[in-house]
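Reader: Hi! Could you walk me through this one? I'd like to start with the charged pairs and then move on to whatever else stands out.

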There are 2 protein chains.
Amino acid sequence: MTINSNYNNLNKSYLFSTIAKKVKEYAGANPEKKIIRLGIGDVTLPLAPAIVDAMHRAVSEMGDATTFRGYGDEQGYLFLRQALCGYYSKKSVKLHEDEIFISDGAKSDIGNILDIFSKENTVLIPDPVYPVYVDTNIMDGRDIIYMNGNEQNNFLPLPDKNISADIIYLCSPNNPTGAVYTKEQLQLWVDYALENDAVILFDSAYEVFVQDKELPTSIYQINGAKECAIEFGSLSKTAGFTGTRCGYAIVPQELKRGGVPLRELWLRRQTTKFNGVSYIVQRGAEAVFTEAGQQQISSNIGYYKQNAKHITDTLSALGIWYTGGQNSPYIWLKCPDGMSSWEFFDYLLNNANIVGTPGAGFGANGEGFFRLSAFGSCENVHEAMKMLKRSV
Amino acid sequence: MTINSNYNNLNKSYLFSTIAKKVKEYAGANPEKKIIRLGIGDVTLPLAPAIVDAMHRAVSEMGDATTFRGYGDEQGYLFLRQALCGYYSKKSVKLHEDEIFISDGAKSDIGNILDIFSKENTVLIPDPVYPVYVDTNIMDGRDIIYMNGNEQNNFLPLPDKNISADIIYLCSPNNPTGAVYTKEQLQLWVDYALENDAVILFDSAYEVFVQDKELPTSIYQINGAKECAIEFGSLSKTAGFTGTRCGYAIVPQELKRGGVPLRELWLRRQTTKFNGVSYIVQRGAEAVFTEAGQQQISSNIGYYKQNAKHITDTLSALGIWYTGGQNSPYIWLKCPDGMSSWEFFDYLLNNANIVGTPGAGFGANGEGFFRLSAFGSCENVHEAMKMLKRSV
């Protein structure tokens with residue numbers, strides 16, 4: 001018996017558990033201080049009434065013999081996949097229900113999708129990056145090439161024709177940087193992928209925060225993307241589902257490699273290793289896409305956007321370089337006075353009682369940068385910004 | 001870009017989709033016939049009131065700012081893991097909460113657990129078998145050795161000292177055969193695993209159907225099992241959660257391979273590729289283990305057991321060989337008149353309008369056998385048995 005030895009190559013400690021430990025220590029030593037968490041990207045507003053009502057109805061159905069539901073449809077209930085088709089059609093993206101796979105969240109899908117690809121593929125990952133992209137590939141033993149995001153390219157790296165890669169990770173609006181690719185920039189990526197027979201794994205978890213009408217909210221708004229991209233969506237940030245759990249993957253019918261439709265491989269993977277999402281949750285997710293649901297969540301998103309604006313206004317006033325915040329719930333700032341990411345983490349915790357996320361935790365290029373999230377309460381964000389002004 | 005070529009080695013068609021196709025064709029040609037489904041193992045009774053109440057409360061909490069929950073605890077909420085510790089203590093099994101990982105179902109865990117093991121390991125799988133054990137290993141390219149279940153050993157194969165294996169699948173009460181290992185038999189398996197440095201993956205999804213007090217309902221009731229076994233539990237059949245989705249994996253602290261605690265590897269796998277189960281569902285699952293919940297689900301289980309008894313009584317009266325049914329919701333019978341599994345499937349569908357599951361779909365040794373499930377309504381089971389008597 002041998003274990004998967006690739007696990008030995010993983011970094012021992014997960015970013016957020018290190019943060020949690022430091023915060024716990026500080027809180028233990030300073031019980032009188034109010035700590036404001038602008039770190040981990042968890043939402044704070046409750047589920048919208050339309051969602052709550054739909055889930056109450058679904059729970060009641062499950063308790064009644066005449067409306068009880070057992071195993072659901074393989075790819076998720078048709079009512080939800082149709083609702084998503086409707087949502088995408090408003091983005092001018094035409095999808096077929098068969099191309100949509102409902103899941104318990106984008107994190108699961110982004111990890112599990114690798115099952116259908118050979119371990120021999122080379123992976124292209126931006127740095128800084130959401131650690132899950134890296135760790136899941138290390139677990140499989142794939143070669144990883146990093147592409148540099150930095151102040152010069154506004155943390156939006158573009159394809160390099162001298163590099164050959166098979167699997168490409170893109171996240172826009174980006175976690176952690178909040179930067180958003182334009183259509184022209186994404187077109188360069190799609191063209192590169194098509195030329196290299198590569199597949200783009202496009203993480204659109206933050207698309208609902210895009211307010212600039214010119215910016216893309218789906219990779220399928222780009223010509224040729226259906227032949228080279230899988231898109232991962234999530235209701236976690238869109239509708240406050242971090243604790244309710246629902247996401248989806250889109251694998252277009254046109255997307256084939258080695259003559260095999262990837263949709264068929266993913267269907268086989270999911271029907272073998274997954275049994276679908278709770279009926280109750282799928283009904284809640286369906287409600288997100290009703291007129292009432294859309295109105296209610298957009299009011300929640302507006303609330304977080306106000307927070308983001310208050311943070312970016314404060315940073316501008318302080319003369320601190322940042323990206324994101326405009327079309328994203330994340331603000332990515334340059335640590336003042338040449339501080340390293342973890343130095344600024346400690347400084348902020350000790351002097352302003354603010355918890356943020358050190359950029360270095362997202363890769364080498366994150367060193368010297370710092371992520372703030374707009375998901376706190378308005379009061380807390382205002383208090384935090386007051387403290388920040390005083391202490392920087 | 002190359003796909004995972006192991007997928008080419010999978011059987012093209014999944015057992016239950018073939019059945020669905022045949023049934024659809026028959027129903028299309030015979031619209032006046034009432035077809036009774038005793039095939040796929042899906043439950044039919046609604047969720048118990050205690051579970052429904054708990055989920056209503058949880059939905060309301062999620063809609064209220066003061067009680068809303070975002071991301072949950074890494075391994076699942078402590079309240080549910082503590083409830084499971086309590087459930088296991090009644091089986092005389094002492095677990096620590098850290099050893100329990102809540103998931104969306106045993107199928108996910110059984111598939112995903114393979115991530116932590118090397119592809120070089122040899123796998124020992126009973127035949128007949130739940131197809132997921134086989135397919136998930138084919139997807140990884142592992143060598144599989146089959147062990148024969150047959151009429152002679154009552155479909156309960158025992159270890160063969162001449163065979164060396166690293167990963168061993170056991171399911172008791174068994175799907176598809178309904179056969180249940182005794183403590184003495186499981187002890188032989190645990191001893192074998194310890195001697196071979198192997199790990200047993202123990203699927204206990206049907207443990208709640210065991211009524212014989214002498215039979216084990218957890219592998220951890222066997223001496224030494226904590227050093228060599230991972231147990232997978234499910235609320236699908238226990239509490240009607242096939243559409244609600246909740247299960248758990250138990251990875252004991254004592255279980256190490258190559259000096260590494262497997263619990264740590266699984267924690268790393270799950271925190272990287274999974275984000276937990278809906279809070280609402282976890283509250284429903286917690287209610288299963290309350291006094292009211294236990295009483296209510298045992299009444300449901302009793303209902304299915306009555307069905308199983310009616311099926312086995314009928315088979316006995318007809319002189320048809322079978323196993324299972326006593327401590328299991330599945331009855332595994334020998335097709336009469338030397339019919340093959342699929343011949344009997346067609347015969348039963350055409351002559352008695354009963355849908356069952358051909359044993360051949362579970363492996364070579366299943367040929368000539370057939371699975372019936374006790375999850376139908378009492379009325380349907382009685383009607384089906386009347387039809388069976390008439391047509392065999």
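**Salt bridges and the interface**

Author: Happy to! Keep in mind that this is a predicted model. Let's begin in chain B: B:Lys22 has a relative accessibility of 27%, so this residue counts as partly exposed.

Reader: Thanks! Which residue forms a salt bridge with B:Lys22?

Author: The partner is B:Asp346, and the closest N and O atoms are 3.2 Å apart. B:Asp346 sits in helix H10 (residues 341-352) of chain B and B:Lys22 in helix H1 (residues 15-29), so the pair links distant parts of the chain, 324 residues apart. B:Asp346 is partly exposed too, at 28% relative accessibility.

Reader: Nice. How many salt bridges does the structure hold over all chains?

Author: There are 24 over all chains. One of them joins A:Arg269 to A:Asp115, with 3.0 Å between the closest N and O atoms. A:Arg269 belongs to helix H7 of chain A, while A:Asp115 is in the loop between H4 and strand S3 (122-127), so this pair ties together parts that are 154 residues apart in sequence.

Reader: Is that A:Arg269 buried or exposed?

Author: Buried, at 1% relative accessibility. A:Asp115 is buried as well, with a relative accessible area of 10%. These two also belong to a network of salt bridges that takes in A:Lys273.

Reader: And what does A:Asp140 pair with?

Author: A:Asp140 forms a salt bridge with A:Lys119, where the closest N and O atoms are 3.6 Å apart. A:Asp140 lies in helix H5 and A:Lys119 in the loop between H4 and S3, so parts of chain A that are 21 residues apart in sequence are tied together. A:Asp140 counts as buried at 12% relative accessibility, whereas A:Lys119 is partly exposed at 26%.

Reader: Switching to the interface: how many salt bridges are found across chain A and chain B?

Author: The rule finds two. In one of them, the side chains of A:Arg268 and B:Asp135 meet at 2.8 Å, N to O. There are also 35 residue pairs in polar contact between the chains.

Reader: Which elements of chain A give two or more residues to that side?

Author: Helices H2 (49-62), H4 (106-112), H5 (131-140), H7 (262-273) and H8 (279-288) do. The largest share, seven residues, comes from H7(A). By class, this side of chain A has 30 nonpolar, 24 polar and 17 charged residues.

Reader: How much area do the two chains bury between them?

Author: About 6,200 Å², with 58% of it on carbon and sulfur atoms. In residues, 71 of chain A are in contact with 70 of chain B.

Reader: What turn lays chain A on chain B?

Author: A turn of 180 degrees, with a shift of 0.0 Å along the axis and an RMSD of 0.0 Å. That is the relation of a two-fold axis. In chain A, the C-alpha nearest the axis belongs to A:His56, 3.0 Å from it. The same surface serves both copies, as 99% of the contact residues of chain A recur in chain B.

Reader: Last one: where is A:Tyr220 found?

Author: In the loop between strand S6 (199-203) and strand S7 (229-234) of chain A. A:Tyr220 is buried, with a relative accessible area of 8%. A polar atom of the A:Tyr220 side chain lies 3.1 Å from the backbone oxygen of A:Ile250. Residues that A:Tyr220 touches include A:Val93, A:Leu95 and A:Pro252.

How values were computed. Residues numbered from 1 in each chain as written. Chains lettered and ligands numbered in written order. Predicted model: local features only at pLDDT ≥ 70, side-chain atom pairs only at ≥ 80, totals over all residues. Heavy atoms only, no water. Helix = DSSP H or I, 4+ residues; strand = E, 2+ residues; numbered from the N terminus. Buried < 20%, exposed > 50% of the residue type's maximum accessible area, 1.4 Å probe, protein only. Contact = heavy atoms within 4.5 Å. Polar contact = N/O pair within 3.5 Å; in protein donor to acceptor, adjacent residues only side chain to side chain. Buried area = accessible area lost by both parts, 1.4 Å probe. Salt bridge = Lys/Arg side-chain N within 4 Å of Asp/Glu carboxyl O. Nonpolar A, V, L, I, M, F, W, Y, C, P; charged D, E, K, R; others polar. Least-squares fit on C-alpha atoms with pLDDT ≥ 70 in both. Lists of a residue's contacts leave out its neighbours within four places in sequence.
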